[in-house]
Amino acid sequence: MFLHRGSIYRVDGSTVVPVADVGQMAYLDNHVGILAAICGIPADPNLADAGLGASVRVQKIDSGGGLTPFHHIFLPEGQAVGSAAISKNLLFVTGHLGEHVLGFFDLNDSRPQFNPVEVPDKVKDKAFDELVIDGDILLAIDDLIMPKWLVVYDLSDPAKPATSGVFELMEGINASVDRAVAGPDHLALLCKGFHQAGAYQSVQIYDKNDAFRPLDEIELWQGSLDNLKGPDIEISFDNSRLLIAGYKSGVGVLECARRAAKELQKPKMLWLTDDDGNPVFVRDAVCLPFSESIAVWTDEKSGPFIVNRQKLAARSS
C-alpha cells in the first residue's frame with residue numbers, strides 16, 4: 001500500500017485500487033501495517049491557523065487491504081500535533097505538546113499515554129516541521145526560525161530514543177518544511193517560503209553518508225505573495241533520483257547523486273515509454289516502498305497504474 005496526495009492505495013498486480021481518503025497529514029508504516037492521520041481542529045485559533053491537528057486517528061491495515069480502527073488519540077486542550085511518524089508500534093508526534101515539542105505513544109497499550117522525548121538545547125523552545133523514520137533512526141526537522149537543525153535519534157531501543165547527531169540545515173529565507181523524505185543515500189526537504197521577490201518553493205538535498213552535508217537547494221517555483229501555497233508538490237525517492245510530482249504540471253526528476261558535482265540544472269521531466277515504444281508524458285507519479293516499481297498517472301489512462309522504473313526516463317523540458 002502507499003500514500004499519495006491525501007489518499008491511500010492498494011497495489012493489485014499492475015493496477016492500483018484506491019482505498020480511502022485520509023488527508024494530507026497522514027503517515028503509513030508498511031512494516032507494521034499501521035496508518036496514522038492527523039485530524040480535528042484545535043480550539044485555540046492560533047494553533048488552528050498554523051495548520052495543526054487536535055487528534056491522531058490510528059488504523060490498522062487488515063488482511064483484505066482495508067482499514068480498521070485501532071486508536072484515536074486526543075490531545076489535551078491547548079495542545080496540537082503537526083507531524084507524526086511510526087516505528088515499531090510507537091507513534092511519534094511533534095507540535096505544541098505542552099512543555100514539550102516531541103514525544104511518542106506506545107500503540108501496544110490499550111490506552112496510549114504521551115511519553116516526552118528530550119531535545120537538544122539548540123532546539124528547545126522551538127518546534128519541528130517534520131518527522132521521518134529512516135530504518136532505526138528518527139529524523140526531526142527543525143522549524144522555520146533560523147538557525148534550523150536536523151536532530152537524529154537512534155531508535156535501536158525505540159522506547160528510549162537517544163540523540164545521535166545534530167546537523168545545521170540550509171537556511172532558506174522565511175522557509176518552512178512541507179515534506180521530508182529519506183532515500184538510500186539522500187535526504188530531501190520540500191520547503192516553502194517568501195522573500196522580496198515573492199513566494200517560492202524549493203527542494204533541499206542532503207548527503208546522508210556524509211553527516212547530512214548540504215548538497216544543493218533548487219528553486220521549483222516562484223510567484224506572487226498572494227499565492228503562498230504554490231503547486232501541490234509531492235516528493236519520493238527512486239534510489240538516488242528524486243521524483244517531484246506536480247512540477248510544471250508533470251513530474252520533475254533530480255539526479256541527487258550528481259549534486260556534489262554542482263550540476264545546478266533544473267529538474268528534467270519524467271516520460272514513459274509505452275508498449276509500442278512511444279513516449280508518453282507522465283502527469284503524476286510516486287515511488288512504491290520496497291519495490292522496483294512506480295505508480296504513474298498519464299492523460300491516456302483514467303487512473304494510476306504500475307510500471308517498472310526501466311520504462312521511465314527523464315528528458316529536458
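**Entry 1. Burial and surface.** I began with burial: 51% of the 317 residues of the protein chain count as buried. I note here that the model is predicted. I then looked up the exposed area, which comes to about 14900 Å² for the protein chain, with carbon and sulfur atoms supplying 48% of it.

**Entry 2. Dimensions.** I recorded the extent of the C-alpha trace along its principal axes as about 60 × 50 × 40 Å. I next compared the radius of gyration with the globule rule: a compact globule of 317 residues would have a value near 20 Å, and the protein chain has 19 Å, so the two agree.

**Entry 3. Secondary structure and contacts.** I found one helix and 27 strands in the protein chain. I also looked up sequence separation: among contacts with a separation of 6 or more, 41% are accounted for by residues 24 or more positions apart.

**Entry 4. Charge.** I listed 28 positive and 43 negative side chains in the protein chain. The centres of these two sets lie 4 Å apart.

**Entry 5. Asp125.** I turned to a single residue. Where is Asp125 found? I located Asp125 in the loop between strand E11 (114–116) and strand E12 (128–134). Is Asp125 buried or exposed? Its relative accessibility is 82%, and I therefore enter Asp125 as exposed, since the cut-off for that class is over 50%. Finally, I checked Asp125 against Asp21: the two are 104 residues apart in sequence, and their C-alpha atoms are 34 Å apart in space.

Notes:
Residues are numbered from 1 along each chain as its sequence is written. This is a predicted model: local features need pLDDT of at least 70, side-chain atom pairs count only at pLDDT 80 or more; totals for chains, interfaces and linings use all residues. Side-chain values use heavy atoms; hydrogens and water are left out. Helices (H or I, at least four residues) and strands (E, at least two) are DSSP runs, numbered from the N terminus. The radius of gyration is taken over C-alpha atoms; the globule rule is 2.2 Å times the number of residues to the power 0.38. Buried means under 20% relative accessible area, exposed over 50%, partly exposed in between (1.4 Å probe, protein chains only). Contact means heavy atoms within 4.5 Å. Accessible areas come from the Shrake-Rupley method with a 1.4 Å probe; for residues, only the protein chains shown count as cover. Lys and Arg count as positive and Asp and Glu as negative; His and the chain ends are not counted. The place of a charge is taken as NZ of Lys, CZ of Arg, CG of Asp or CD of Glu.
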